[in-house]
Amino acid sequence: MTIDLTPYLDTVPDVVVERLRGALRVLAVGHENPDADTIGATLGVVRIVEALGGTADPVCTDPIPPLYDFLPQVDRFSTDPDPAVEYDLLVVSDCGSLDRIGDVRGRHPELFERLPRVVIDHHASNDSLGDSDWIEPTSAATCEMVALLAVRLGLPLDAGGGSLATALMGGIVMDTATFAHPNATPRTLAVSAALVEAGAPLSDISRRLYRSKPAAQLRLFGRVLDRLDGTDGGLVIHSTLLDADLAATGTTPPQSEGIIDLLAQADEAEVAILFKEAGETTRISVRTKPGGVDATVLAGKFGGGGHARAAGATVPLPVDQARPAVLAEASRLAAEVVR
């Protein structure tokens, strides 16, 4: 390996290193509605623990969407912990708050409460203050952090014939949109170069995540894009994904990933919002332009969080009631932007 990541290893907290070194049976948990970053980071933690001589179970409260079937060992995920295992450490990856773990936490409250915990996350809205919580908002992806953790603990990034590198690269590609977002830093590029050198097929990962969609998904995108609307002279643009759209196209909620990024391409818009019908609640995805509205401020107004340029929330109102409330706040924030 020729890419030297040593200059970045001091960012890994000693307490996280020691917790993982001392663990024998780890419960590795990602967030609900999983994406490539939480999947890759969780699998990375599993590989690290196993390399140190322990055992680890990857858990996500929701099934892994078929989009991510190409990630090595993704079939190891379960929706609940193994009741026969006496876990001694909980590692939570890519959760902006503990609520993002989802229903599995409510199904096993005693277990999640009693286990010593490590949180590894890059969301700016994460205000977790645990002694061994590693929150790094300047990191482009949690997988970037886990890659440094692996190197710090002596695990080669080419472990498993490149399977570790592939899992971690998947998260970085997704959370940077193949390095198109402003969150990609020199460190992100250095870590990514090391992962490519370790066997991660960057081009194939990018194609699978961003340039390969079934026809049904394209029809779903078309329905939502046809509903595109704007306010304030186009400063705020928005669209709505209805349950009926999924039924009409034969798609599932995970296949709506990527629509918000298309909305965010509108040149004149400071804020792009996708409203997703979710029964009596509404999920919102928010994107904003650099130097303008902080997406965490808008999402935070409705109990959500995320990053300055990309955030989300669940509004406890039906979509027709949630939309005017969210748009009013978005318009207020967009009007304050001076360029």
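**Exercise 1. Strand register around S4**

Val119 stands opposite Asp133 in S5. The model is predicted. Task: starting from this pair, place S4 among its partners and state which way the strands run.

Solution.
- Step 1. Take the S5 side. S4 and strand S5, residues 133–135, pair in the parallel sense. Three bridges hold that pairing.
- Step 2. Take the other partner, strand S3, residues 89–93. Four bridges join S3 to S4. These two strands also run parallel.
- Step 3. Fix the register there. Ser93 stands opposite Ile120 in S4.
- Step 4. Check burial. Strand S4 covers residues 117–121, and four of its five residues are buried, so S4 is largely enclosed by the rest of the structure. Buried here means under 20% relative accessible area.

**Exercise 2. The six-stranded sheet**

Task: write down the strand order of the open sheet of six strands, and find which strands are its edges.

Solution.
- Step 1. Read the order: S6-S7-S8-S9-S11-S10. The pairing is mixed.
- Step 2. Find the ends. Strand S6 (229–231) and strand S10 (305–306) are the edge strands, because each pairs on one side only. Two strands pair if DSSP finds at least two bridges between them.
- Step 3. Inspect the S9–S11 pairing. Strand S9, residues 281–288, and strand S11, residues 310–315, run antiparallel. Six bridges join them.
- Step 4. Name one bridge pair. Arg283 has Thr314 in S11 as its bridge partner.

**Exercise 3. Overall fold dimensions**

Task: how does the radius of gyration of the protein stand against that of a compact globule with 339 residues?

Solution.
- Step 1. Get the expected value. For 339 residues, a compact globule would have a radius of gyration near 20 Å.
- Step 2. Compare. The protein has 20 Å, which agrees.
- Step 3. Add the extents. The C-alpha trace spans about 60 × 45 × 40 Å along its principal axes.
- Step 4. Add the element count. The protein has 13 helices and 11 strands.
- Step 5. Look at sequence separation. Take contacts between residues at least 6 apart in sequence: 68% of them join residues at least 24 apart.

**Exercise 4. Surface and charge**

Task: what share of the residues is buried, what makes up the accessible surface, and how are the charges placed?

Solution.
- Step 1. Burial: 50% of the 339 residues count as buried.
- Step 2. Surface: the accessible area comes to about 14,400 Å². Carbon and sulfur atoms hold 52% of that area.
- Step 3. Charge: there are 28 positive and 47 negative side chains. The centres of the two sets lie 3 Å apart.

Note on methods: Residues are numbered from 1 along each chain as its sequence is written. This is a predicted model: local features need pLDDT of at least 70, side-chain atom pairs count only at pLDDT 80 or more; totals for chains, interfaces and linings use all residues. Side-chain values use heavy atoms; hydrogens and water are left out. The radius of gyration is taken over C-alpha atoms; the globule rule is 2.2 Å times the number of residues to the power 0.38. Buried means under 20% relative accessible area, exposed over 50%, partly exposed in between (1.4 Å probe, protein chains only). Contact means heavy atoms within 4.5 Å. Accessible areas come from the Shrake-Rupley method with a 1.4 Å probe; for residues, only the protein chains shown count as cover. Lys and Arg count as positive and Asp and Glu as negative; His and the chain ends are not counted. The place of a charge is taken as NZ of Lys, CZ of Arg, CG of Asp or CD of Glu.
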